[in-house]
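Good morning, and thank you for coming. I shall present one protein structure today, beginning with a pair of helices and ending with the overall division into domains.

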Amino acid sequence: MKAIRRITVRPVLPGPLAPLNELARNLRWSWHDGTRELFRSLDPEGWDAAHGDPVRLLGTVAPDRLTGLAADPGFLERLAVCAAELREYTEGERWYQRQPGEPPAAIAYFSPEFGITAALPQYSGGLGILAGDHLKAASDLGVPLIGVGLLYRHGYFRQSLSRDGWQQEHYPVLDPDELPLTVLKEADGTPAHLVLALPGGRSLHARVWVAQVGRVPLLLLDSDMEENDRGEREVTDRLYGGGSEHRLLQEMLLGIGGVRAVRTYCRLTGHPAPEVFHTNEGHAGFLGVERIHEHVTRGLGFDAALEAVRAGTVFTTHTPVPAGIDRFDRDLIARHFGADAELPGIDAERVLRLGTETYPGGEPGLFNMAVMGLRLGQRANGVSVLHGRVSREMFSGLWPGFDAEEVPITSVTNGVHAPTWVAPEVIRVSARQLGARRTEDALSVGEGTRWDAVAEIPDPDIWELRRTLRAGLVGEVRERLYRSWRQRGAADAELGWIDSVLDPDILTIGFARRVPSYKRLTLMLRDRDRLTRLLLHPERPVQVVVAGKAHPADDGGKRLIQELVRFTDDPRVRHRIVFLPDYGMAMAKKLYPGCDVWLNNPLRPLEACGTSGMKAALNGCLNLSVLDGWWDEWFAPDFGWAIPTADGDTTDPERRDDLEARALYDLLERRITPRFYERGPEGLPDRWIAMVRETLTRLGPKVLAGRMVREYVERLYVPAAAAHRELRDDAARGLAEWKARVRAGWPRVRVDHVEPSGAPSAPELGASLTLRVRVRLGELGPEDVEVQAVAGRVDPDDRIADASAVALKSVGGPDLEGRWVFEGELALDRTGPFGYTVRILPSHPLLASGAELGLVAVPVTTKSDGSGVLLR
């Protein structure tokens, strides 16, 4: 018979074992080896059966075993040490507490998914893993972050394969009582409860679950409540599922409900209220609308409230392509923000303006979540230097009149949480060399630029470590491959060949990620005969481990998986190339350390960052990648290989794939496999080990999430908090009124005349010229603007590149014609073709950038009046 309802009965631990509950409920165990070993010792077989989840484990340990451990002095001593370490970790002073000045009292970090641990499957891919690593690194650094997301009752799908290699999706139901979560409760013990108003008098109710990620609370909103009708209960059913309205309701719950959850959590726990709100991708953009509503409710006008909210908001974009952004029909947004729905005190038209694509090339009938994120965030960033450049170009229409490089979107290159992703074997080797505490600090805070101590690890130790990790991967692959073939319908009698799959002494290449078309899962199959020769080479063979999931609605991605799986099923090569279904955190932790080379071959520049190669690098795996994302930024031939690309709009896609696949095969045949199998006098691959050493020494500190979070704190959070403090009500009103006045008056602002003087007839490096500029400002004054000379090298079309701007000083006016005069010196600081122009920008002490308003006035002509005269 089938149960009509399921409940989870938790064990009652003997008093001396009570600290186990706290250790299990704090997800620090997911990256703290000592705590995991403590739980494993409770019941090694049960630990494996629980897939390394302490909460599940505690529900299965036999009562007599618990009674015995409660009287075991050795176990109780280890338990006391782990509990004390956790208290010191969560309560002690860390990096953030030693920062000068007044950093933010708290930061709220919103994301649609979080990859903390396989035991809490609330992620689909890189965005969620990045968000999880952000929280963990913030915890290690002591940054007072509050994470905000949704609790998906089905999580993301589990993947298996049919007999013919087609992806199958499964959605197991998650019981929050079996997860490392606690429900947020009011002082009277009842669950905290949030409500969003929906059209037609309906309501969306949600409770709040809390996952403790070290020092950081993660609030997860759950709509599976009896107060909701079936449609509303299913709002948080699964990650990235459903149609437009379903996705909109998820994003309203995440943004609007998330802010309310933060307010409730701070009220109930005394946690400081956030001064900064960080929107991780556009999905959470409605958090800004809710915060505007908070200000409007207490009497601030919409425009002033918008300025107050923008000041303390950071927006991170993760997509390099417009197709990756959520966009909704304007009518759908209007219906959900109308008079009978959510935020009735705010005119729906004001909400619509925040996300409407009102720029050239945009679609005014669509509401763009990333556009709203940029309009609501005074500070914005991409996730690698190259992605920042791509984002500035992609969103440049929001700042008309400015060159793409001046669009106010910076970049903070992603990082990964080393204690999560570095294999325990690697950490133990490091601890023997450096000591446990220095190793922990290096992996978490990572303030240095090099790990020079790696040079002290002997070559034999590095090579033995690499073989140990490779052998561990071989065992993992065989187990997973066996389970996969059984799921595909194979009998035991057919599977004896799996015992000879892979070899711990063969060069191992890894490729694992989501499977959209731009990541080119099957590029390696472009020339199958050549790939087969590589796999079966008699002296220098390679073996390849591949994993990845296609979105359930992406049949194109599923066909790519099927194409690859059919190749890996071929009896001639199946011992050398495998596809492992159900890629996730648990698999990744074995895959990254066990590979010698990590392959990444996206279409450049469509990889925003690509952190899987970072995780591999921290384990001594070398990267073989297209120069995209982070690899474009940090590649050096001392520690990896760059796959040449055939970029360009004129390149035929088929020809491009052929050229780049050929380059990939060439690198493997001529440079990579010879180096791996080449042996020095001591019988070791000396040059390969040197590259492993360089990877750890030079890339290690760069790819850390600790480095990333420190950059967010110093470059974005601290300035945002300072702006938030300055934009109190009166200042916000003043700034809003000033912006309205400047926008109204800007059509009458212009450059009237530019008069250069002092330039020699044959300009030389180091000389200068004086610019005297007359401008008309209409109703504005010199205090409202900045007049700049912009100079740099020029191309054959007289476009200025590598421009630098010099502010000119107001020296008089207005004259009888209403013109103001500005003057300044312009240094001729570079040789070759050189040019300049002048421009006028709005200027106010509370602007984060001169481009913030998207307003600029430039000379109508560039030669007759002397502006932009070229010095050649």
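Let us begin where two helices meet: G288, R291, I292, H295 and V296 in α10 are in contact with F302, A305, L306, A308 and V309 in α11. By character, the residues of this contact divide into 7 nonpolar, 2 polar and 1 charged. Please bear in mind throughout that the model is predicted.

How should such a pair be described? Two packed helices are described by the angle between their axes and by the distance between those axes. Here, helix α10 covers residues 286-297 and helix α11 covers residues 302-311. Their axes come within 9 Å and cross at roughly 125°. That angle lies outside the range of 65 to 115 degrees for roughly perpendicular and is not over 145, the bound for roughly antiparallel, so α10 and α11 count as oblique to each other. The crossing of α10 and α11 is right-handed.

I turn now to a single residue, K739, which is found in helix α28, residues 729-745. Is K739 buried or exposed? Its relative accessibility is 3%. Because buried means under 20%, K739 counts as buried. Which residues does K739 contact, leaving aside its neighbours within four places in sequence? They are E307, R310, L847, E852 and L853.

Finally, the domains. The protein is divided into domain 1 (15-91), domain 2 (106-415 + 716-727), domain 3 (455-703) and domain 4 (746-842). Between the C-alpha centres of domain 1 and domain 4, the distance is 69 Å.

Conventions: Residues numbered from 1 in each chain as written. Predicted model: local features only at pLDDT ≥ 70, side-chain atom pairs only at ≥ 80, totals over all residues. Heavy atoms only, no water. Helix = DSSP H or I, 4+ residues; strand = E, 2+ residues; numbered from the N terminus. Buried < 20%, exposed > 50% of the residue type's maximum accessible area, 1.4 Å probe, protein only. Contact = heavy atoms within 4.5 Å. Domains from an automatic or database assignment. Axes fitted to C-alpha atoms, helices over the stretch in contact; angles between N-to-C directions. Parallel < 35°, antiparallel > 145°, perpendicular 65-115°, else oblique. Left-handed = near helix turned anticlockwise from the far one by under 90°. Nonpolar A, V, L, I, M, F, W, Y, C, P; charged D, E, K, R; others polar.
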